[in-house]
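Subject: Structure handover

Hello,

Here is the structure I promised to pass on. Please open it first, then read my notes below.

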Amino acid sequence: MELPNYLKTASEKLIEGMNVSAMSDSARELSRRYMEESGQGKSLLNKDEEAAVYSLMRMPATFSAVSFALDKVCEVSDFVPRSLLDAGAGTGGASFAANEFFALDKIICLERELAMENIGRKLMSYGEDKVLKEAEYIRTDLVEEATKANSNNKKYLSDLVISSYVLNEMSVENRMKVVKWLWENTGKMLVIIEPGTPVGFSNIRRIRDYLIEQGAYVCAPCPHMDNCHILGDDWCHFTVRVQRGKIHKMLKDADVPYEDEKFSYIAFSREPIEIKKFGRIMRHPITQKGRMELSLCTREGIHTKTVTKKDSEGYKAAKKANCGDIYPFI
Ligand SMILES: C[S@@+](CC[C@H](N)C(=O)[O-])C[C@H]1O[C@@H](n2cnc3c(N)ncnc32)[C@H](O)[C@@H]1O
């Protein structure tokens, strides 16, 4: 799912008058900081120009990853949120995505960096819906919030809580504290998105184990609540292809007109999810003459399923399927 047009236009307006070579320098510096300095609880960005460049460079991808996750959540649950807590909102990528899926009445964005908040607020002001224009940005540190909260603290209780590309910026100890606190503030569904790397996935796996113990129900992507079946140094991740505009291509020194964003995600429900028997497609389906091979995660484990033309319905479904989809004919 691509950024809506109003948001593309708004992002481009942000950089009107900005010096192109300064923007390219910022883009390079931001990439370096996110690669080398993340995971230590450090402030990675604190100037408005950097936040504007961040929104151009990263928001199309984070928006698409969150949209992918929400799409999968909606596929397996009939959950209807009215309020959203966007924790570590940055410039609002997750809020914009959630607004495309749900008729929300209220959005709260928690964010530590003033620069991110400034740019997020500007982008929201271009939003087509009242709920975006009225989104409440609160400048706060999630770790501090989680540390000072007592067990009854549900200060920001919202139907839907999203943490997108945030928890990986924290130390392990702080991350788990924040996860506990996010879950306490979750009315219905908590969705966590992390980079699609072995480290991002190991964060998700650890959070999964912890929240299942706390009574959470896994909604997606796992089709079961048992121990994760992924073995060894493999990791569960998905990909969205994001089209690059002219400025994006320039900022990233890119040749191709798209980028593939890899991410891991998990969604937890407060209500039990009706577990239907299906598999989750873990890799791009392999197409051969008259047959297809699907790598499926199922309740029983991960296995490769071969589907041939003879399995008429199953074959038709496999032909249309993509990595990350559910596949019912297991
Ligand atoms: C990589 S950005 C992701 C922004 C947005 N969620 C998205 O998906 O586009 C991470 C954001 O989390 C914020 N953040 C990181 N640690 C935080 C903390 N302890 N408290 C509040 N915000 C935090 C950063 O300032 C930054 O804006």
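One definition before the rest: helices are DSSP runs of H or I with at least four residues, numbered from the N terminus. Please also keep in mind that this is a predicted model.

The ligand shell

Start with the ligand. It has 20 residues around it. T62, G88, G90, G93 and R112 come nearest.

Which elements each supply at least two residues of this shell? They are α3 (48-76), α4 (93-101), β2 (106-111) and α7 (142-148). The largest share belongs to α3, with three residues.

The shell is mixed by class. Nine of its residues are nonpolar, six are charged and five are polar.

The two domains

Now step back to the protein chain. The domain assignment splits it into domain 1 (5-269) and domain 2 (279-327). Their C-alpha centres are 30 Å apart.

How many residues does each domain bring to the contact? Domain 1 brings 12 residues, and domain 2 brings 11 residues.

On the side of domain 1 that touches domain 2, α3 and β7 (238-243) each supply at least two residues. Here α3 gives the most, with three residues. By class, this side of domain 1 has six nonpolar, three polar and three charged residues.

One element to look at twice is α3. It gives the largest share of the shell around the ligand, and it also gives the most to the side of domain 1 that touches domain 2.

Best wishes

Terms used
Residues are numbered from 1 along each chain as its sequence is written. This is a predicted model: local features need pLDDT of at least 70, side-chain atom pairs count only at pLDDT 80 or more; totals for chains, interfaces and linings use all residues. A residue is near a molecule or strand if its C-beta atom, placed from the backbone, lies within 6 Å of it. Ala, Val, Leu, Ile, Met, Phe, Trp, Tyr, Cys and Pro count as nonpolar, Asp, Glu, Lys and Arg as charged, and the others, Gly among them, as polar. Domain bounds come from an automatic or database domain assignment. Two residues are in contact if their C-beta atoms, placed from the backbone, lie within 7 Å.
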